[in-house]
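Biologist: Before I trust any of the labels on this one, I'd like to hear the reasoning behind them. Mind walking me through it?

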Amino acid sequence: MKVHKASSRSKNEQRNATKRHPKSKWRVHNKRIRSLDPSQLTSSPTVAKVVPQLANRQKSKLKRLQKAHAKAVTLSPEESNFVRAKVRVPPVTFPHVHTNGGTELETGSDSEDSRDWSSYAKSVLQNGLEMKGGEEDLTPVARVQLEDEEPPEYHAQYDHVQNHTVLVLQQGQFLCFRGKCLLTCLSGRVEVMGFTIEQGQQPYPLFSPPSHCPLTIIALGDCAPPGRNRKEGRLEAKAIVRKHLSSEPRKRLLSEVDSDSCVVLLQPLDTPLVRFLTSFGELDHLFGLSSKELRSQAAVHNTAFSAVGLTALRGLCARGLVVSRSYREALSSLLNAWEGDFDRCPIILVCGAKNSGKSSFNRHLINTLLNHTASVEYLECDLGQTEFTPPGCLSLSTVTEPLLGPPFTHQREAEHMVFYGQSDCQADLDRYLDSLKSLWRYYSGESPIVINTMGWVKGHGFQVLVDLIRFFSVTHLVQLSYGDAPQCANLTPEFLRSAHGFQTHPPAQPVLADELDGHLASRGHVLLSIHSEFEGAGTSGEMRHQRSNELRDLALLGYFSQLQSAGPCPVRPLHCFTPYQVPLSAVALGVTHCEVAPDHILYAANASLVGLCCLGEKVVGRGGPVLLSQTPICPCVGLGASVSALKGRNAATRKRPRTLAKTSRRNFPGLRNKETPANAHCIPSFPVQGVLRGVDMARGLYFLVTPVPPAVLRQVNCLLLGEVTLPKMLLTMQLATIVDALLAACLEGLEVPTQSCRVIAGCRESGSDNEDLRQPDYRLTDAASLSFSFLLRK
Ligand SMILES: Nc1ncnc2c1ncn2[C@@H]1O[C@H](COP(=O)(O)OP(=O)(O)OP(=O)(O)O)[C@@H](O)[C@H]1O
C-alpha cells in the first residue's frame, strides 16, 4: 500500500486525505469542480463531447491540463536508451490524452504541473500496445513488438550467493515476461499493469502465467528526486548495484547504469500458493510458456531471468496488455473523475460480453487508482470469474494492494460476502439481485468503487445489467465491446431512461440511493465505451489453463492454499489438515441449487464445498441435521470442504432431519458452534474422494476443512451446499490421498494390485506407520497411481 488510509472524516476530506502524494501538483488547483451534469453528456461512445462544456466551467482544472500538455510526453532516441538496446525508437508523442471527455492538451509549458501530467500520461500510455491508428500512436512498448525484430538486450545479472537478479532498465525500456517473481524497485520507478513501483517501496509479487496475457515491467522516466544532478543520480544507482551484486556479476552491469536507469531486484517467489499449485502434476508448468509462445519461439534466453523464475518474451507474444485508444481514454477519464473533486466518489460499473476484457481492465483501473488513493472498493457481481473469492460467491472487498497477477493469485477473504452457490445466476435472478443489494448496503461511499459484472449481456442478462446500473446509482459506466457487430445496446443515460430491467422498470428511481445520491443519480451516468482490440477478444481461451472451468478450479486451489504454512514446509494435502468438528444440530444445512430428499442430504454434503454462513436465528436441532427449506441471503465468512457422515450415515438419518422453515432473508449475527480442540485428530476411517478424514456419527458431527480462522468460524451456524465443486485434482492427484486409498483398501480386504502392495510393504519395512504414510513428502511410484484409479473404479 502506498498511502496511509485516513480515518473516517467527511467524505471529501477523506478522499483528499487518501490521495497519494499529498503535495502533488495534482491538487494544486484545488478549487472544487462541480459535478458533471449528465444531462449535458452525450451518449457517444466516450464522453468526449462533454468536455468543452466542462472546460468552460472548470477553468482551473483545465488550466492545469493545458499547461500539462506543454512539456511533451516525448521520448527521443537520444533520451531513450533504447538506442543502446538496439531497438529503433522514433520520437513518440501522445496527442490523444484527454481530460474527462477528451479535450486535447496544448503544448508549450514547462511547469511542474506539466511534468506531473507528463509522468502520469507516460504511465498510462506506455502500458501496452496501441493496435490501431497511425505509427505515431505506437508507444515505445509497441515499437519493439514487431515481429522479426531483434529481441531486446537486457542488462541483468544473477547473484548466486544471494539468489537474486539485478536488472537495469533504461527509461522507456520494458520487460514482458512469463513466470513469477518478487520485484523490488531499487532505484527509479517502474510500472506494472498500471501500478507504479518506486524506490523504497515494499517488494511486490508478480505472477504472469499463460492463463492470461503476460505482464510487462516498464521503466518510467522522471524518477530523479528534485535537485539531484545526473552525476549524483548515476553514482547513487551504481552504489545500489554494488550493494546487491557480488564482484563478478557487478562488473558487467555497472557500465550500463545511468542517472535515469531503473534498477530492479528480482527474487524467486516461493509462497505457499506457488508451492501448493505446483505440487499438482497438472499444474507444474503453470508459470511456464503457453503452447503458442513455445511454438513461436517467443522466449528470450537469459540465464539471469531463468534463475529467478522468469522468461522474457519477444516478438508478437510480448505485446502484453493491449491498450486501445478508447481503453486509454476511458482509463484517463476515470482517473480524472477520482482526481477531480466531484460531489461523490466515482461508482464505476464495468460491463461487456464474455471475454471482452472486463476483469483485466478492472485490475488495470484499480492499480492505476491505487497510485492515487489508499483503497478502492470492489463489488463482485460475476459469479463465474470472481476476482478475490472462490466462484459462486458475491462479495464486496476493499483493495489496498495492487493486483499483479490473475485472480487465483490473490484469493482472500472479502469484507462482505454472500454465498450464491452457482457459477451463473440464471436459476434464481431474484436471489442474485437481492444478494447484491444486501452487499451494497456495506459500501461506505468514501473510496471509488469498481463493480464487475457478468459477461451475460443478452435477454435476462441484459435486464439484470440495467437493474444493477439503477440499483447502484452508477456514475461511470464502462462498456467493453469487440469486433464490428455490437454485443448489446449502448447503455447510454437516454437508453437507461426507458429500458426495462428484470426488477426495475421505467421511470425508475435509484432503489438504494440516499437523498444526495438519488439526486445525482437522476442525472444519469457517464458512458465510456471501450473497443477491445486484443487478439482473441470475445472468444474463450482454449489453451491450457485458459478455459473458464480451469480458471474456477485454480481460484479454488488458490483459496485453499491459504491453509498451507507460510514457512518453507512441504505441501500438505487438504485432508491432512485437522478438520473442525461441527455438531449436526448446531448448524443448519441448505442446498442452494436443487431439491435434495432429506434422507439423501448427508450424501450430497459429503466431501463437498460449502459456504460457511451466519443466520440470525438460533439453530437448535434434536440431534439430527437441521435442514433449510429455502436458501437464505445471509453473510458468508468463507468456504469449507465439508466432510460429513458416511460410515455412520444410517445413524444420522435414522432421526428424521429437522427443517428450519422460512429462514428470513436478512443479515444476522451468528450462532456459536463447537470446534475441535486444536490438537484433536479424527481417526481416519476410509477414504472417500480425498477429503474425508473421518466421522463420528455417534456424536453427530460434520467435519470441515477451511482456512477461515476459528474466531470467525464461531459465528457460523449455516452450511450452504452449492453447485460449485472441489477441483477434481484436489480429489485425485494428492499423493497422500493415494496412500490413504491403498491402505484403506488393504485394511478392508479389497483386491489391491501387487505393485501397490509392494509400495505399502516398502513403507512398512522402512518403519513407517499409517500416520507417516500420509506425510506429504512421501513419494509414490507410477504403479501406485495406476492402482488408485483401479481402486476408485471398485
Ligand atoms: N487488453 C488486453 N490485452 C491483451 N489481452 C487481454 C486484454 N484484456 C483481456 N485480455 C485477455 O483476454 C482473456 C479474457 O480477459 P478477461 O478475463 O479480462 O475478460 P472478461 O471479459 O473479464 O471475461 P469473463 O466474461 O469470462 O469474465 C484473458 O486471457 C486476458 O488476459
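Biologist: At what angle do helix α13 and helix α14 pack, and how far apart are their axes?

Modeller: Keep in mind that this is a predicted model. Helix α13, residues 429-440, packs against helix α14, residues 459-471, at about 20°, and the axes are 11 Å apart.

Biologist: Why are α13 and α14 called roughly parallel to each other?

Modeller: Angles under 35 degrees count as roughly parallel. The angle here is about 20°, so α13 and α14 are roughly parallel to each other. Their crossing is right-handed.

Biologist: Which residues of α13 and α14 meet?

Modeller: From α13 you get Leu429, Tyr432, Leu433, Leu436, Lys437 and Trp440, and from α14 there are His460, Val464, Asp467, Leu468 and Phe471. By class, that contact has eight nonpolar, one polar and two charged residues.

Biologist: Next pair: what makes α11 oblique to α12?

Modeller: Helix α11 (residues 325-339) and helix α12 (residues 358-370) cross at roughly 40°, with axes that come within 10 Å. Roughly parallel needs an angle under 35 degrees, and roughly perpendicular starts at 65. An angle of roughly 40° fits neither label, so α11 is oblique to α12. The crossing is right-handed here too.

Biologist: Which residues make the contact of α11 with α12?

Modeller: On α11, they are Tyr327, Ala330, Leu331, Leu334, Leu335 and Trp338, while α12 brings Ser360, Phe361, His364, Leu365, Thr368 and Leu369. Sorted by class, that's nine nonpolar, three polar and no charged residues.

Biologist: And why are α6 and α7 called roughly antiparallel?

Modeller: Helix α6 (residues 230-244) packs against helix α7 (residues 247-254) at about 155°, axes 9 Å apart. Over 145 degrees counts as roughly antiparallel, so α6 and α7 get that label. In this pair, Lys238, Val241 and Arg242 of α6 meet Arg250, Leu253 and Leu254 of α7. The class count is three nonpolar, no polar and three charged residues.

Biologist: Over to the ligand. Which of the 17 residues around the ligand come nearest?

Modeller: Those are Cys213, Val322, Lys358, Ser359 and Ser360.

Biologist: What makes the Ser359 side chain a polar contact of the ligand?

Modeller: The cut-off is a pair of N or O atoms within 3.5 Å. An N or O atom in the Ser359 side chain is 2.6 Å from a ligand oxygen, so the pair qualifies. For Ser356, a backbone N or O atom lies 3.1 Å from an oxygen atom of the ligand.

Key. Residues are numbered from 1 along each chain as its sequence is written. This is a predicted model: local features need pLDDT of at least 70, side-chain atom pairs count only at pLDDT 80 or more; totals for chains, interfaces and linings use all residues. Side-chain values use heavy atoms; hydrogens and water are left out. Axes are lines fitted to C-alpha atoms, for helices over the stretch in contact, and angles run from 0 to 180 degrees between N-to-C directions. Helices (H or I, at least four residues) and strands (E, at least two) are DSSP runs, numbered from the N terminus. Angles under 35 degrees count as roughly parallel, over 145 as roughly antiparallel, 65 to 115 as roughly perpendicular and the rest as oblique. A crossing is left-handed if the near helix is turned anticlockwise from the far one by less than a right angle, and right-handed if clockwise. Contact means heavy atoms within 4.5 Å. Ala, Val, Leu, Ile, Met, Phe, Trp, Tyr, Cys and Pro count as nonpolar, Asp, Glu, Lys and Arg as charged, and the others, Gly among them, as polar. A residue is near a molecule or strand if one of its heavy atoms lies within 4 Å of it. A polar contact is a pair of N or O atoms within 3.5 Å; within protein, one must be able to donate a hydrogen and the other to accept it, and residues adjacent in sequence count only if both atoms are side-chain atoms.
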